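Colleague: Hi, could you walk me through this one?
Modeller: Sure, here it is.

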There are 2 protein chains.
Amino acid sequence: MIDSPHPDTPAATMTTAPFVAALRARWAMGRHLCVGLDPLSERIPATFRHGVSPGEAVLAFNRAIVEATHEHVCAYKPNAAWYEALGDEGHRALVATVAGIHEMAPGIPVLLDAKRADIGETNERYATAAFDVIGADAVTVHPWFGREALAPFLDRADKGVIVMAANSNPSAGEVQDLPIGADGEPLAVHLARQVATTWNAHGNCGVTVGATNPARMAAIRAAVGDLPLLVLGIGAQGGDIAGAMAAGRDSHGAGMIVSTSRAVIYAARPDAPASEAMATIGDAAAGLNTRLAAALA
Amino acid sequence: MIDSPHPDTPAATMTTAPFVAALRARWAMGRHLCVGLDPLSERIPATFRHGVSPGEAVLAFNRAIVEATHEHVCAYKPNAAWYEALGDEGHRALVATVAGIHEMAPGIPVLLDAKRADIGETNERYATAAFDVIGADAVTVHPWFGREALAPFLDRADKGVIVMAANSNPSAGEVQDLPIGADGEPLAVHLARQVATTWNAHGNCGVTVGATNPARMAAIRAAVGDLPLLVLGIGAQGGDIAGAMAAGRDSHGAGMIVSTSRAVIYAARPDAPASEAMATIGDAAAGLNTRLAAALA
């Protein structure tokens, strides 16, 4: 805990959480891409859907994606909503997907994008669900209830916690751009600094940034020091990769979990044979990561 | 949609959502209590736990609670975390709990306290999970991504959406008290007004308030007109019921979903026989609702 309420830069933390250490190992190998595993049943290549339930198709497709892409990524990010919408079998597919990543791609962390947050005792149950039932290495959370409420997540020094700060959706600014205090600093930047300076006692925190707003990314990077950034909004186009990577790089020229989902997982024709589909998906991940690495070189 | 960005009071909405209509019917009958169904397996009376799995015990206890309390409540509020922590069987217990409320207490709405929020297409999946898979009548959401992102919830005119504004946990003020703009209005009040004036096109929104801060409750009531308030932080003590009810009442002398969980569901001795336990729980709900109604009379 830091006494100064508004330091210019956060103090170095004493510890590095396993989640952050795993990311750094991948970044050192030039892997910056995070593949979002948010498969919509109807968009899974038909070959994975024949004769199985939606949950089984999701799991089979996810396992094939991990097989095809794990050499090119720093993390995987399943989003809980896509599994919850499938009910029981979606929950089983999520648990099996995470187990499959740990088995097929050991050392590559799994960030459960669940965007949870409640008050303390309830967050203990969410932390149990994310880390112990589902087996994730990190989880995304909302900041609305403040640091103390999130202690059940933050105190899991063995796990990572990515706090929503800036996002890339059209209405994100309605709340995140609100001007705070006398100097009118945007809420997202103010919050990101709070995370870096007072929430990160275990060195296990990160915050989100939107690639669609490099100036905001740069402001948040300046506010959080070398905290990992989860970069959202990098799409198939990738037109702003160079600007985003320049804005978000840390003092070691890395520090970003650059998330994309459909640009990779829907890269193949819906009717492509499995081997062709997975080759296309692997190539999409490799190509995107190569561009990220080049922009950071 | 209202053009004026900061009206003093929100315009009356054209429609009343079924969720809000159901609440008003209960309020008109003098029922203001909302029982939170957040059962921790180990605190369920032993009689419900003999020889069954944790999920089965939760479901049996929930059904008994509904049987014992439904005459005294305006809503039930299962919190998703407590079910998710139990994995598959927790999910099944939640679905069966909601179905049980609809069966045993028709007309009493079920508010799924899931505190979800993501970007648009992902929120479609969360809305499917909350409303269609689980069968809730309303859901709680975080505001961080703004109105447009929440459209999949807000556009479900048949369902209710309760947005986090003010909460009662110790660190809620870290974010919710932040001063916005030139006049320094607290973020929670600013956000609550946004919900009432621009998010509530279908008349299906509400916001949270913390009973521990009646002044903040009153400020939010002034900002939102007759929007339903989900009142948090009323405990077994109930010392501040009168102050909270005075601060939060709407123009009809009601308008609050006053939530409590452990003051009701853990009212009985852990080793009480089932019939005694459920009588105690029913009495706790009746007593608490009577005090709420008296404070509003």
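Colleague: How many residues does each chain bring to the contact?
Modeller: Chain A and chain B each put in 54 residues, where contact means heavy atoms within 4.5 Å. This is a predicted model: local features need pLDDT of at least 70 and side-chain atom pairs pLDDT 80 or more, while totals for chains, interfaces and linings use all residues. Numbering runs from 1 along each chain as its sequence is written, chains are lettered from A in the order written, and side-chain values use heavy atoms, without hydrogens and water.

Colleague: How much area do the two chains bury?
Modeller: About 4700 Å², with 57% of it on carbon and sulfur atoms; that is the accessible area (1.4 Å probe) lost on putting the two parts together, summed over both. In chain A, the most area is lost by A:Arg125, A:Trp144 and A:Phe145, together 17% of what that side buries.

Colleague: And how many salt bridges are there between chain A and chain B?
Modeller: Eight, counting a side-chain nitrogen of Lys or Arg within 4 Å of a carboxyl oxygen of Asp or Glu. One of them joins B:Asp88 to A:Arg92, with the closest N and O atoms 3.7 Å apart.

Colleague: New topic: why is 26 Å the span to expect for helix α4 of chain B?
Modeller: Because its 18 residues (87-104) count at 1.5 Å a residue, taken times one less than the number of residues. The end C-alpha atoms are 26 Å apart, which agrees. Helices here are DSSP runs (H or I, at least four residues).

Colleague: Which residues of α4(B) are buried?
Modeller: Among them are B:His91, B:Leu94, B:Val98 and B:Ile101, buried being under 20% relative accessible area (1.4 Å probe, protein chains only).

Note on methods
Helices (H or I, at least four residues) and strands (E, at least two) are DSSP runs, numbered from the N terminus. Buried means under 20% relative accessible area, exposed over 50%, partly exposed in between (1.4 Å probe, protein chains only).
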